[in-house]
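Thank you all for coming. I would like to take a few minutes to walk through one model with you, beginning with how its strands pair and ending with its charged pairs and its cores.

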Amino acid sequence: MSNSVIGEHSRVTLHFSLKLDDGTEVDSTFKGDPASFSVGDGSLLPGFEKALFGLKEGDEAEIEIPPELGFGQRNPANMQKVRRDSFSPDIELESGLVVSFDNGSGELPGVIREIEEDEVTVDFNHPLAGQTLNFHVKIIAVDSIQ
């Protein structure tokens, strides 16, 4: 058992669950293998990493992550109208369907929100944008990396 505390140069193994304010569980590792990451490697948002600073092996914590430190606020500019004929006729368009668009530098997922005769409204906000996230963590191991 190490006495390392989570900070800038830590490799962390933990179990976590992520819930919305209404109790909906978005993700959890508690029933499977724990997750591991190195602080700053980009696998966790900086707001999540900083919330873990100071915790050590064996700690459990409930952390509330506001939208500004999570996936940001919803941006109305990310709601786009797309011509209906730009979708493949093979796709059955329905509200809530996730579709991928090529934005020139890769794939960009969007969620169909509204379907009209000539236009489809697509939401390119992250699905968790604007949400306060309730992050429950159990720290399994903390190793110092230099």
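**Strand pairing, salt bridges and cores**

Let me start with a single pairing: L14 has I139 as its bridge partner in β9. I should say straight away that this is a predicted model, and that what follows should be heard in that light.

That one pair belongs to a longer ladder, in which β1, residues 10-20, and β9, residues 133-144, run antiparallel to each other over eleven bridges. L14 also has a bridge partner in β3, namely A35, and the pairing of β1 with β3, residues 35-38, is again antiparallel, this time over four bridges. With β2, residues 25-28, strand β1 pairs in the antiparallel sense over three bridges, and there L18 is matched with D27. Those two strands, β1 and β2, make a hairpin with four residues between them, and within the turn G23 has a positive phi of about 95°. As for how covered β1 is, nine of its eleven residues are buried.

Let me turn now to the charged side chains. How many salt bridges does a search of the whole structure find? The search returns six, and I will go through three of them.

The first on my list joins E116 and K81, whose side chains meet at 3.3 Å, N to O. E116 sits in the loop between β7 (107-115) and β8 (119-123), whereas K81 is in strand β5 (residues 79-83), so the salt bridge ties together parts that are 35 residues apart in sequence. E116 is partly exposed at a relative accessible area of 30%, and K81 is likewise partly exposed, at 48%.

The next one pairs R83 with D85, and here the closest N and O atoms are 2.5 Å apart. R83 counts as exposed, with 56% relative accessibility, and D85 is exposed as well, its relative accessible area being 56%.

The third is between D123 and R113, with 3.2 Å separating the closest N and O atoms. This pair links distant parts of the chain, since D123 lies in strand β8 and R113 in strand β7, ten residues apart. Is D123 buried or exposed? D123 is buried, with a relative accessible area of 1%, while R113, at 40% relative accessibility, counts as partly exposed. The pair does not stand alone, for R74, R113 and D123 are linked in a network of salt bridges.

Finally, the nonpolar interior. The largest nonpolar core has 20 residues, and those with the most contacts inside it are I6, L52, F135, V137 and I139. The elements contributing two or more residues to this core are β1, α1 (46-52), β4 (60-65) and β9. I139 therefore appears twice in this account, as the bridge partner of L14 in β9 and among the core residues with the most contacts. To take V137 as an example, if we leave aside residues up to four places away in sequence, V137 touches H15, F16, L52, L55, D59, E60, A61 and I63. Apart from the largest core lies another one, of nine residues, which include F87, L93, F101 and F124.

That is where I will stop, and I am glad to take comments.

Key:
Residues numbered from 1 in each chain as written. Predicted model: local features only at pLDDT ≥ 70, side-chain atom pairs only at ≥ 80, totals over all residues. Heavy atoms only, no water. Buried < 20%, exposed > 50% of the residue type's maximum accessible area, 1.4 Å probe, protein only. Pairing = 2+ DSSP bridges. Salt bridge = Lys/Arg side-chain N within 4 Å of Asp/Glu carboxyl O. Core = buried A, V, L, I, M, F, W, Y, C linked by side-chain atoms within 4.5 Å. Contact = heavy atoms within 4.5 Å.
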